[in-house]
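Biologist: Thanks for sitting down with me. Could we look through this structure together, one question at a time?

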Amino acid sequence: MDTMEQRARYDFKAIEARWQQDWAARDLFRTRLDAGRPSFYYLDMFPYPSGHLHMGHLRNYTIGDVISRYHVMRGENVLHPMGWDAFGLPAENAAIKHQTHPDPWTRRCIEQMHEQLNMLGISFDWDREVNTSSPDYYRWTQWLFLRFFEAGLVGRQEAAINWCPSCATVLANEQVLKDGTCERCSALVAKKRLEQWFYKTTAYAQRLLDDIDQLDDWPDAVRTMQRNWIGRSEGFQFAWPVVGSELSFEVFTTRIDTVYGVTFMVLAPEHPLVEQLVAGQPQEAAVKAFVQQVLGGDQFARQAADAPKEGVFTGAFARHPLTGAEVPIWLANYVMMDYGTGAIMAVPAHDERDFAFATKYQIPVVPVILPEGETVDGVGLPYLGDGVQANSGPYNGLPNRPAMVKMAEDLESAGTGQRTVNFRLRDWCLSRQRYWGCPIPVIYCPACGVVPVPDDHLPVLLPTDVAFTGEGNPIASSATFRQTTCPHCGAAAQRETDTMDTFVDSSWYFLRYASQPADSAFDRAELDRWMPVAQYVGGIEHATMHLIYARFFTKVLYDLGLVGCQEPFARLFTQGMVTKEAWWCDAEKKWYTAAEQLDAAGRTPQGHATERIVKKMSKSIGNVVAPESICDSYGADTGRCYILFVGPPEAEAEWQDEGVSGVHRFLTRLWRCLVPPAGAWLPDWRAQLTDLDEPARAVRRKLHQTIERITSGIERFALNTSVAALMELVNVVLPFVEQRIGSSATLADRAVYSEAAEVTALLLSPFAPHLADEIWAATGHHGSTYEATWPVADATVAKAARVTVVVQVNGKVRARLEVEAGVDEAAVRAAAAELGPVVAALAEQPVRKAIWVPGKLLNLVT
């Protein structure tokens with residue numbers, strides 16, 4: 001037989017190249033459509049084609065590959081597609097920088113990422129690939145827009161946008177720096193109000209909220225984030241007239257019981273009424289400066305509860321609808337246009353933010369709800385609890401909750417306002433004044449108005465006669481695109497030059513994966529085979545936009561009879577980020593990404609101190625690990641197993657280079673353990689598993705326990721513990737092979753070894769598929785483990801012969817007992833009563849109760 005040394009070399013490069021070539025030649029990962037098999041649709045959130053993936057990105061796809069391969073081996077028809085969220089700003093910026101068209105740049109990036117995914121052996125069905133920037137795809141994005149238009153679920157509204165006057169273009173929020181300047185030219189960015197296209201997500205707000213309760217297999221954190229984002233509030237909405245003008249503005253409040261405590265009104269700086277309020281007034285310049293300051297700053301920081309409260313008085317007053325008092329109108333940074341009506345009645349006595357603002361600007365504070373038995377002068381402010389009305393006119397003395405109902409009824413009777421439900425969720429602005437997106441299929445005719453492009457004129461193609469200068473919307477510069485004729489009356493007309501938000505593309509791509517007919521967006525019968533997606537995996541950062549938009553799209557399409565499900569994703573898993581250390585040098589304003597770049601004290605070659613920081617893998621920092629380097633040095637299977645082993649997939653995990661080499665050593669040991677020496681393999685091993693001694697039974701027991709553990713681990717996404725289980729199995733099997741599988745090996749030992757080699761190859765297949773297939777072939781099998789059947793544990797074999805029971809007295813460990821597996825409590829108590837440490841701990845006290853965990857623990861409580 002071969003010696004262990006002859007089989008010690010694990011030539012991962014040759015193995016992986018050979019099997020990847022075999023899989024491709026046989027089109028192994030094409031989606032099966034076998035009749036009678038259950039269907040399982042596994043979906044990774046598709047990536048933006050930036051050009052290069054790193055191992056942080058590939059954690060997601062490796063997780064998905066394990067789950068998909070497992071379900072294939074379980075005999076299911078599995079749909080495991082991949083594609084590209086290819087429209088977007090980075091490609092357009094690259095076009096401006098390199099004076100080229102975004103399409104070739106995008107396609108080059110896709111090719112590079114395609115190679116990286118194949119390099120890792122990911123089992124994507126590339127026949128189902130989609131590219132959202134391809135006319136074959138965005139034709140149907142436009143077709144869906146028209147169906148929403150017909151249903152009254154898309155329309156035009158005025159909205160604020162970021163405008164760079166120097167570049168003469170609209171900027172995305174991420175293009176505006178924290179100091180409010182343009183990232184391209186450093187000019188101060190202004191806010192402009194433009195007519196924009198919106199999907200009417202608010203029409204589905206209640207259903208989106210209610211149906212969260214159906215998402216039992218979604219993480220609680222995501223469901224909570226969606227509830228908060230939709231933000232249902234019951235309250236009262238009424239108008240506040242502006243003194244000395246015909247203007248008025250609507251206010252929504254959930255606390256109408258505090259209306260008598262209003263001492264000032266606040267409008268959001270972006271409120272459309274602001275310019276009219278201050279036009280030609282002494283406060284105009286100060287107000288405009290404040291608006292620019294707030295809107296040019298960090299909009300997320302502005303919403304923080306502990307953010308400084310800033311404001312400016314407009315010089316205008318509102319008429320209190322109940323008291324007739326003139327109430328000053330302020331602007332404040334803590335009021336947002338995207339919640340409620342963008343205007344609030346400020347009650348500083350009963351709201352922490354209003355109180356902080358009133359204190360800073362010396363605005364009066366009037367308490368109108370008092371704790372039972374408290375006086376106006378004695379109450380601590382702000383008071384946020386329930387109580388009795390005070391300073392509230394005819395409602396004085398009433399408990400505030402009944403008063404709230406009576407006030408609402410009285411105001412409604414007087415025609416002053418109405419009880420209503422408000423949602424934090426806003427209609428979805430889909431207009432983008434940029435080139436690299438899906439053109440909006442609308443024509444503006446002087447006679448006919450807004451005219452949808454007919455279906456048989458789709459797709460509306462992006463123009464190619466444009467220049468990428470960074471100034472303005474390139475599409476608007478194309479006369480051949482802009483100028484057209486009205487499909488209704490034939491008159492000269494203009495095309496819409498805005499493109500769609502890229503979230504539109506990702507709101508239905510999962511449907512196109514499932515069905516790709518040439519003459520329609522998708523086929524209902526095919527969708528019914530696959531939808532909803534059985535398992536969706538991606539980052540939690542998409543909880544409140546992409547996932548809500550995809551749910552909205554699916555519900556609309558269900559109502560239109562185009563799909564058969566109301567929720568797109570039955571089960572959701574959110575994977576954690578991968579981090580890696582880096583060193584920040586503040587003196588040099590520079591990142592260092594390897595300890596070798598620094599001296600022993602952590603100083604740079606220039607002698608400056610650094611700070612070690614563990615950050616998410618990021619190309620901008622440079623702390624990334626390229627899959628090419630891992631595959632070249634250790635192999636794809638090592639990279640896959642390490643990224644799974646490094647921690648629970650839902651948790652953040654820190655990449656450690658030394659950990660990669662440890663996993664590579666494990667796979668090398670597994671190779672030595674399971675590739676059979678000449679003459680060791682028994683094809684009919686099942687018939688020879690008789691008359692086994694205890695070492696052989698121990699190997700089989702561990703093998704079948706490992707089947708149970710890995711099967712359970714994959715089902716629960718406990719993939720790190722599944723890799724650990726394989727490592728533990730090798731630790732048991734390898735000594736057996738080294739000691740028993742030689743020239744004098746018995747048939748029984750060879751049978752145990754053969755079962756271990758075959759079953760371990762199958763268990764290994766989702767994690768390290770190249771090595772698994774190599775072992776599979778070396779043990780005389782044809783084809784791939786991908787085509788084989790997932791092993792099923794024999795519970796009788798897996799059952800431990802003996803177990804260790806921990807014996808406690810009052811919670812403290814006093815002894816350990818080796819007993820037969822399956823022994824009952826009475827027998828263990830009887831045996832424990834004979835143990836000296838237990839007898840001493842009991843000290844002749846009666847046992848009040850016993851806590852028994854079968855096969856694990858006995859706790860005697862005195």
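**A walk through the model**

Modeller: Happy to, and we can begin just past a helix: glycine 415, which follows helix 12, has a positive phi near 75 degrees. Keep in mind that this is a predicted model.

Biologist: Since we are there, what length does helix 12 reach from its first C-alpha to its last?

Modeller: Helix 12 covers residues 400-413, which makes 14 residues. At 1.5 Å a residue, the expected span is 20 Å, and the helix comes close to that. From first C-alpha to last, helix 12 reaches 20 Å.

Biologist: Within what arc do the buried residues of helix 12 fall, seen down its axis?

Modeller: The buried residues are Asn400, Ala403, Met404, Met407, Ala408 and Leu411. They line one face of helix 12, because seen down the axis they fall within an arc of 135 degrees.

Biologist: Which strands help to cover those buried residues of helix 12?

Modeller: Good one, as the cover comes from several stretches of sequence. It includes strand 12 (369-370) and strand 13 (388-389). Also included are strand 6 (232-241) and strand 14 (417-423).

Biologist: Let's turn to the second largest pocket. Which element gives the most to its lining?

Modeller: This pocket holds about 740 Å³ of space and is lined by 24 residues, with Phe252, Tyr339, Ile344, Asp351 and Arg353 nearest its centre. Strand 7 (248-253), strand 11 (343-346) and helix 11 (352-361) each supply at least two lining residues. The most, three residues, comes from strand 11.

Biologist: Now for tyrosine 137: how far in space is it from aspartate 505, C-alpha to C-alpha?

Modeller: Tyrosine 137 sits in helix 5 (residues 135-150) and is buried, with a relative accessible area of 3%. Its contacts include Asp505, Trp508, Tyr509 and Arg512. Although tyrosine 137 and aspartate 505 are 368 residues apart in sequence, their C-alpha atoms are separated by 8.8 Å.

Biologist: Last topic, the cysteines. Why does cysteine 631 not bond to cysteine 641?

Modeller: Cysteine 631 is buried, at a relative accessible area of 10%. A disulfide needs the two sulfur atoms within 2.5 Å. The closest cysteine sulfur to that of cysteine 631 is in cysteine 641, and it is too far for a bond because the distance is 12 Å.

Biologist: And how many disulfides does a search of the whole structure find?

Modeller: Cysteine 631 has just shown us one sulfur too far from its closest cysteine partner for a bond. Searching the whole structure for disulfides, the number found is zero.

How values were computed
Residues are numbered from 1 along each chain as its sequence is written. This is a predicted model: local features need pLDDT of at least 70, side-chain atom pairs count only at pLDDT 80 or more; totals for chains, interfaces and linings use all residues. Side-chain values use heavy atoms; hydrogens and water are left out. Buried means under 20% relative accessible area, exposed over 50%, partly exposed in between (1.4 Å probe, protein chains only). Helices (H or I, at least four residues) and strands (E, at least two) are DSSP runs, numbered from the N terminus. The expected span of a helix is 1.5 Å times one less than its number of residues. The arc is that of the directions from the helix axis to the C-beta atoms. Contact means heavy atoms within 4.5 Å. On a 1 Å grid over the protein atoms alone, a cavity is a set of points where a 1.4 Å probe fits but cannot get out, and a pocket is an open set with protein on both sides within 12 Å along at least five of seven lines; lining residues have an atom within 4 Å of a point. Grid points are joined across faces, edges and corners, and a volume is the space filled by probe spheres set on the points. Lists of a residue's contacts leave out its neighbours within four places in sequence.
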